[in-house]
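Walk through this protein with the sequence and the coordinates side by side. Start with the whole chain, then move to the strands, and end at single residues.

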Amino acid sequence: MRIYVGNLLYETTEQQLREAFEQHGVVDEVSMIQDRETGRPKGFAFVEMPTAGEAQSAIDALNGQEVLGRSLTVNEARPRQYRDGGRPRW
């Protein structure tokens, strides 16, 4: 299951995010989203977990929790929505 994680500090690393989610199950992948032009983080990421049960456990436990001083927004990721030019809307 793909999970959206928002309100991250720009300094948050993939490893820190992985460690937070691994407390609730196996993490397949962590994707920190960066601005294409500047390469700077955009403050959100996606986490892939193989089972819906583990993913839901992580969502329930981490949504609204403070990590590195920020209250996280954690929920099931919605499918990408494309603009007229065919690019994702994020």
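What follows is a tour of the fold, from global numbers to local backbone angles.

The model is predicted. Begin with the elements. The protein has 2 helices and 6 strands. Read from the N terminus, their order is β-α-β-β-α-β-β-β.

Now the overall dimensions. The C-alpha trace spans about 40 × 25 × 20 Å along its principal axes. Is the radius of gyration in line with a compact globule of 90 residues? A compact globule of that length would come near 12 Å, and the protein has 13 Å, which agrees.Next, the surface. Of the 90 residues, 30% count as buried. The accessible surface comes to about 5900 Å². Carbon and sulfur atoms hold 41% of that surface. For charge, count 11 positive and 14 negative side chains. The centres of these two sets lie 10 Å apart.

Contacts give another view of the chain. Take those with a sequence separation of 6 or more. Residues 24 or more positions apart account for 58% of them.

Turn to the strand pairing. Which strands pair with β1? Strand β1 covers residues 2-6 and pairs with β3, residues 41-48. The sense is antiparallel, and the pairing runs over 5 bridges. Within this pair, G6 stands opposite F44 in β3. Y4 stands opposite F46 in β3. Strand β1 also pairs with β6, residues 73-76. This pairing is antiparallel too, over 4 bridges. Here I3 stands opposite E76 in β6.

Strand β3 has a further pairing. Strand β2, residues 29-34, pairs with β3 in the antiparallel sense over 5 bridges. One of the facing pairs joins two glutamates: E29 in β2 has E48 in β3 as its bridge partner. The hairpin of β2 and β3 has 6 residues between the strands. In that hairpin, G39 takes a positive phi near 80 degrees.

Stay with Y4 for a moment. This residue is found in strand β1. Is Y4 buried, partly exposed or exposed? Y4 has a relative accessible area of 26%, so it counts as partly exposed. Leave aside residues up to four places away in sequence, and Y4 touches F44, A45 and F46. The list goes on with T73, V74, N75, E76 and A77. Residues 41-48 make up β3, and residues 73-76 make up β6. Y4 can also be placed against A55: the two are 51 residues apart in sequence. Their C-alpha atoms are 11 Å apart in space.

Now look at backbone angles. Most residues other than glycine have a negative phi. Two residues here call for a look on that count. The phi of N7 is positive, near 65 degrees, and N7 is not a glycine. N7 sits in the loop between β1 and α1, where α1 covers residues 14-22. With a relative accessible area of 33%, N7 is partly exposed.

The other residue is L68. Its phi is near 55 degrees, again a positive value in a residue other than glycine. L68 is found in the loop between β4, residues 66-67, and β5, residues 70-71. Its relative accessible area is 43%, so L68 is partly exposed.

Finish in helix α2, which covers residues 52-62. Where does A52 sit, and what lies 5.8 Å from it, C-alpha to C-alpha? A52 lies in helix α2, and the residue at that distance is M1. A52 and M1 are 51 residues apart in sequence. A52 is partly exposed, with a relative accessible area of 48%.

A61 lies in α2 as well. At 30% relative accessibility, A61 counts as partly exposed. A61 and H24 are 37 residues apart in sequence. In space, their C-alpha atoms are 8.3 Å apart.

How values were computed:
Residues are numbered from 1 along each chain as its sequence is written. This is a predicted model: local features need pLDDT of at least 70, side-chain atom pairs count only at pLDDT 80 or more; totals for chains, interfaces and linings use all residues. Side-chain values use heavy atoms; hydrogens and water are left out. The radius of gyration is taken over C-alpha atoms; the globule rule is 2.2 Å times the number of residues to the power 0.38. Buried means under 20% relative accessible area, exposed over 50%, partly exposed in between (1.4 Å probe, protein chains only). Contact means heavy atoms within 4.5 Å. Accessible areas come from the Shrake-Rupley method with a 1.4 Å probe; for residues, only the protein chains shown count as cover. Lys and Arg count as positive and Asp and Glu as negative; His and the chain ends are not counted. The place of a charge is taken as NZ of Lys, CZ of Arg, CG of Asp or CD of Glu. Two strands pair if DSSP finds at least two bridges between them.
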